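Thanks for coming. I will go through one model today, starting with its cysteines and then moving to sheets, a pocket and a cavity.

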Amino acid sequence: MALRQKSVQLAFWIGVFSFVEITLYGQGTHSKNLSNNSLVELSFRGSDNEQRQLILLWMFNLQADSVIQPIDMAADYPGMALKTFKIKPPVYTHKVAGKITYGFVNHHHGNGDFPNHTLVVVDNTKTINGLWVWVDMNHNLDLTDDGEPQSLNLNNSFLKLDLFPFGLAIQLSLFRDKELESCQNMYANAIGLIQGKREFAGIKQSFRERRLAIWFGMQVAENDTLYWALKDVNANGRYNDVGEDIIMISNRFGEFNTANATQYFKGVSIDWLGRRFVVNTVLLGSEKLTLSVGRTSKRNNEKKRSLLIGKKIPRLTFCCITGVYKPGKPLKKSVKRQSIRHFKGKYTYLVVWNADDSVFVHDSASLHQLSRNLPDSLQILMLNHGGSGKYVYRYNKRYETVMHQGFCSKEVAEKLKLQTLPQTFLINPKQKLIAINMSFLALNTFFY
């Protein structure tokens with residue numbers, strides 16, 4: 001009786017939730033913006049998957065008042081002619097310990113002799129603590145008219161490259177002892193081949209560079225926290241270059257993925273986890289960087305980046321594990337192809353997961369508890385993305401759960417338009433999408 005009551009309660013609340021969602025996202029008269037535009041202030045620096053790539057700022061010993069053109073690891077070759085440029089070196093108001101070095105940071109400002117680079121001069125690169133750096137912010141090769149040098153230390157290793165309020169900055173660090181030694185040696189050898197008349201300061205005196213070109217802010221939409229971000233793709237210190245800079249959304253504070261990025265255009269539509277938004281404009285002020293965002297259900301010719309709530313789940317065919325786990329190698333008969341349509345008639349909680357994902361590991365206990373007390377009206381379908389068949393085969397036995405287990409192929413991932421991992425889909429008995437990434441905790445509230 002208690003289980004039946006839970007089933008009725010679940011059906012009731014999901015039915016209400018489904019009605020609300022379908023009303024908001026359905027067809028008909030809801031073809032204009034569904035709510036007033038909201039302004040999202042972007043006041044935090046964020047990161048994305050590309051910032052984890054290794055970028056190096058090569059440093060060379062400064063010879064009196066001359067620098068040699070920026071080095072290009074992709075285009076330079078041994079013996080090529082190199083241009084020398086006169087500079088006005090900084091005025092050193094303190095005692096310099098060690099040789100003065102210089103380098104060029106990739107920065108597409110469009111000015112001076114180096115429109116795609118900014119010259120920096122450093123007093124000593126043996127340690128990041130107490131480091132003084134002069135930045136040629138006006139790109140005239142005069143290091144005396146750019147204001148005071150920037151001081152870097154262990155607690156603040158951010159270097160500003162321009163005077164824009166939300167301009168480009170980089171974070172600098174040095175290689176630790178024995179860190180990526182093979183990589184260090186490879187780069188040092190490559191520099192040795194193409195340095196020409198430059199005097200390379202060495203890999204230990206060069207910097208690891210992390211580009212800080214993302215600003216983000218928070219928006220609460222229908223009890224869901226979204227993080228909006230802008231990325232200065234062309235590294236010019238601005239964030240509203242049409243067709244160049246990109247917009248990203250995430251449900252994780254400060255963490256973004258360029259795979260979900262959308263090029264910025266005024267009025268561009270963005271699909272995120274079942275919702276459709278429209279970005280009206282980017283407002284770049286002296287003190288605020290703001291995104292004007294609205295909600296819409298209007299259809300257009302743009303390619304959908306997410307399944308939309310209220311629409312029927314697309315037809316999926318995947319390999320599904322059947323039968324009870326038995327020790328040893330899985331039998332061939334225990335795996336068969338199955339369609340999502342086979343799961344009609346009940347609410348389906350579809351979970352695309354990977355056992356190595358920290359978010360899934362953190363939330364899996366709640367999922368397991370839910371599976372052990374399933375009402376008659378709900379079933380759980382797990383599609384593993386990237387894991388081994390043997391692990392998936394053993395999963396239900398290992399955690400004593402009752403779930404349908406299958407595999408998410410590349411084709412299935414494309415049809416589901418995955419934007420996060422893990423990603424969940426709540427589907428009604430007629431296989432219309434009710435919610436994306438509804439928490440396990442929220443589902444549990446339907447039972448009690």
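A disulfide here is a pair of cysteine sulfur atoms within 2.5 Å. Keep that cut-off in mind for the first point. Also keep in mind that this is a predicted model.

How many disulfides does the structure hold? The count is 0. Take Cys320 as an example. The closest cysteine sulfur to that of Cys320 belongs to Cys319, and the two are 8.9 Å apart, which is too far for a bond. Is Cys320 buried or exposed? Its relative accessibility is 2%, so Cys320 counts as buried. Cys408 is buried as well, because its relative accessible area is 7%, and the cut-off for buried is under 20%.

Now the strands around these cysteines. Strand 23 covers residues 317-321, and it is joined to strand 24, residues 335-339, by 5 bridges. The two run antiparallel. Within that pairing, Cys319 is placed opposite Arg337 of strand 24. Strand 23 also pairs with strand 27, residues 404-407, again antiparallel, through 2 bridges. Here Cys320 faces Gly406 of strand 27. To put the two cysteines side by side: Cys319 has its opposite number in strand 24, and Cys320 has its opposite number in strand 27.

Next, two open sheets.

One has 4 strands in the order 1-22-21-20, with antiparallel pairing. Which strands are at the edges? They are strand 1, residues 38-41, and strand 20, and each of them pairs on one side only. On average, neighbouring strands in this sheet are turned by 40° against each other, ignoring direction. Strand 20 and strand 21 are antiparallel and share 5 bridges. One pair to look at is Val268, whose bridge partner in strand 21 is Val279.

Strand 20 spans 268-272 and strand 21 spans 275-284, and the loop between them contains Gly274. Gly274 has 0% relative accessibility, so it counts as buried. Along the sequence, Gly274 is 35 residues from Ile309, yet the C-alpha atoms of the two are 4.8 Å apart in space.

The other open sheet also has 4 strands, in the order 4-14-13-12, with antiparallel pairing. Its edges are strand 4, residues 55-57, and strand 12, residues 158-160. Each of these has a single partner strand, so one side of each has no neighbour in the sheet. The twist from one strand to the next averages 45°. Inside this sheet, strand 13, residues 169-173, pairs with strand 14, residues 207-212, in the antiparallel sense over 5 bridges. Ala169 stands opposite Leu212 of strand 14.

Strand 4 brings me to the second largest pocket. What is the volume of that pocket? It comes to about 440 Å³. The lining is made of 22 residues, and those nearest the centre of the pocket are Leu56, Trp58, Ile71, Met73 and Asn106. Strand 4 and strand 8, residues 101-106, each supply at least two residues of this lining. Which strand gives the most? That is strand 8, with 5 residues. Sorted by class, the lining of this pocket has 15 nonpolar, 4 polar and 3 charged residues.

Met73, one of the residues nearest the centre of this pocket, has a spatial relation that I want to point out. Its C-alpha is 7.9 Å from that of Ala190, while the two residues are 117 apart in sequence. Ala190 is found in helix 2, residues 181-194. Ala190 is partly exposed, because its relative accessible area is 25%.

Last, the enclosed space. How many cavities of 30 Å³ or more does a search of the whole structure find? It finds 2. The second largest cavity has a volume of about 60 Å³. Which residues line this cavity? They are Asn111, Asp113, Phe114, His117, Thr118, Leu119, Asp136, His139 and Leu141. By class, that makes 3 nonpolar, 4 polar and 2 charged residues.

If you want to go back to one item, I would pick Cys320: buried at 2% relative accessibility, opposite Gly406 of strand 27, and with its sulfur 8.9 Å from that of Cys319. That is what I have.

How values were computed:
Residues are numbered from 1 along each chain as its sequence is written. This is a predicted model: local features need pLDDT of at least 70, side-chain atom pairs count only at pLDDT 80 or more; totals for chains, interfaces and linings use all residues. Side-chain values use heavy atoms; hydrogens and water are left out. Buried means under 20% relative accessible area, exposed over 50%, partly exposed in between (1.4 Å probe, protein chains only). On a 1 Å grid over the protein atoms alone, a cavity is a set of points where a 1.4 Å probe fits but cannot get out, and a pocket is an open set with protein on both sides within 12 Å along at least five of seven lines; lining residues have an atom within 4 Å of a point. Grid points are joined across faces, edges and corners, and a volume is the space filled by probe spheres set on the points. Ala, Val, Leu, Ile, Met, Phe, Trp, Tyr, Cys and Pro count as nonpolar, Asp, Glu, Lys and Arg as charged, and the others, Gly among them, as polar. Two strands pair if DSSP finds at least two bridges between them. Axes are lines fitted to C-alpha atoms, for helices over the stretch in contact, and angles run from 0 to 180 degrees between N-to-C directions.
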